[in-house]
Amino acid sequence: MIRSTNRANLFLIELVFNLLIFGLCAAVCVNLLLTARSMGQESDHLTHGLYIAQSTAEQLRAGITPPTEWEGGYTVLITNTANPTQNVQFYRIEVLQNGDSCFTLEEVAVP
């Protein structure tokens, strides 16, 4: 009888260790998934910021006044950085998403 009780105790201890290891692995996997999701959202914001900055630069070069507010909470700040004596205008285009800088184009030349 003592022998079967010891085996049952060892089995329960092994089962508890297995559950602890499983829980630890599950926690690590959840952490990795949350990190991947965060990186994906950051990449998405950066990509949208790039597209908006490129569209704004193309509209400036075409002589069209680009919008300052874009879909998704994006705001465009356009700053003229050229000297008045130069024939070519240089602009700095900064894209903000909810007040945070998302993407910046430096020295966009507009003839």
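## Patch, core and charges in a predicted model

Reader: Let's start on the surface: which residues make the nonpolar patch of about 520 Å²?

Author: This is a predicted model, so keep that in mind throughout. One member of the patch, Phe 17, sits in helix α1, which covers residues 2–61. The patch of about 520 Å² is made by Leu 10, Ile 13, Val 16, Phe 17 and Leu 20.

Reader: Now the inside. Which element gives the most to the largest nonpolar core?

Author: The core has twelve residues in all: Ile 52, Ala 53, Ala 57, Leu 60, Tyr 74, Val 76, Tyr 91, Ile 93, Val 95, Cys 102, Val 108 and Val 110. Helix α1 and the strands β2 (74–80), β3 and β4 (100–110) each supply at least two of them. In soluble globular proteins, nonpolar side chains tend to be buried together. With four residues, the element that gives the most to this core is α1.

Reader: Take Ala 57 from that core. Which residues is it in contact with, leaving aside neighbours within four places in sequence?

Author: Ala 57 is one of the twelve core residues, and so is Ile 93. Leaving aside neighbours within four places in sequence, the contacts of Ala 57 are Ile 93, Leu 105 and Val 108.

Reader: And Leu 46: is it buried, partly exposed or exposed?

Author: Leu 46 is found in helix α1. Beyond four places in sequence, Leu 46 is in contact with Cys 102 and Phe 103. Buried would need under 20% relative accessible area and exposed over 50%. Leu 46 has 43% relative accessibility, so it counts as partly exposed.

Reader: How far apart in space are Leu 46 and Ser 101, C-alpha to C-alpha?

Author: Leu 46 belongs to helix α1. Along the sequence, Leu 46 and Ser 101 are 55 residues apart. In space, C-alpha to C-alpha, the distance between Leu 46 and Ser 101 is 9.7 Å.

Reader: On to charges. Which residues are joined into one network by salt bridges that share partners?

Author: The structure holds two salt bridges. In one, Arg 92 pairs with Glu 94, with the closest N and O atoms 3.2 Å apart. In the other, Glu 106 pairs with Arg 92, and there the closest N and O atoms are 3.0 Å apart. Through shared partners, the network takes in Arg 92, Glu 94 and Glu 106.

Reader: How many residues apart in sequence are the parts that Glu 106 and Arg 92 tie together?

Author: The salt bridge between Glu 106 and Arg 92 has its closest N and O atoms 3.0 Å apart. Glu 106 lies in strand β4 and Arg 92 in strand β3, so the pair ties together parts whose separation in sequence is 14 residues.

Reader: Is Glu 106 buried or exposed?

Author: Its salt-bridge partner Arg 92 is partly exposed, with a relative accessible area of 27%. The cut-off for exposed is over 50%. Glu 106 has 53% relative accessibility, so Glu 106 counts as exposed.

Reader: Which side chain does Glu 94 join through a polar contact of 3.1 Å?

Author: Glu 94 lies in strand β3 and counts as buried at 16% relative accessibility. Not counting residues up to four places away in sequence, Glu 94 touches Thr 75, Val 76, Leu 77, Ser 101, Phe 103 and Thr 104. The polar contact of 3.1 Å links the side chain of Glu 94 to that of Ser 101.

Reader: What about Gln 97: which residue has its backbone oxygen 3.2 Å from a polar atom of that side chain?

Author: Gln 97 has its place in strand β3, residues 89–97, and counts as buried because its relative accessibility is 15%. Leaving aside neighbours within four places in sequence, Gln 97 is in contact with His 45, Gly 72, Gly 73, Tyr 74 and Cys 102. The backbone oxygen 3.2 Å from a polar atom of the Gln 97 side chain belongs to Gly 72.

Reader: Where does Asn 98 lie, and what is its phi?

Author: Most residues other than glycine have a negative phi. Asn 98 lies in the loop between β3 and β4, where it counts as exposed at 62% relative accessibility. Although Asn 98 is not a glycine, its phi is positive, at about 55°.

Reader: And what is the phi of Glu 107?

Author: Glu 107 is placed in strand β4. Glu 107 is exposed, with a relative accessible area of 57%. Glu 107 isn't a glycine, yet it has a positive phi of about 50°.

Methods: Residues numbered from 1 in each chain as written. Predicted model: local features only at pLDDT ≥ 70, side-chain atom pairs only at ≥ 80, totals over all residues. Heavy atoms only, no water. Helix = DSSP H or I, 4+ residues; strand = E, 2+ residues; numbered from the N terminus. Buried < 20%, exposed > 50% of the residue type's maximum accessible area, 1.4 Å probe, protein only. Polar contact = N/O pair within 3.5 Å; in protein donor to acceptor, adjacent residues only side chain to side chain. Contact = heavy atoms within 4.5 Å. Patch = residues over 30% accessible without salt bridge, like charges linked within 9 Å, V, L, I, M, F, W, Y side chains within 5 Å. Areas by Shrake-Rupley, 256 points an atom, 1.4 Å probe, with all protein chains shown as cover. Salt bridge = Lys/Arg side-chain N within 4 Å of Asp/Glu carboxyl O. Core = buried A, V, L, I, M, F, W, Y, C linked by side-chain atoms within 4.5 Å.
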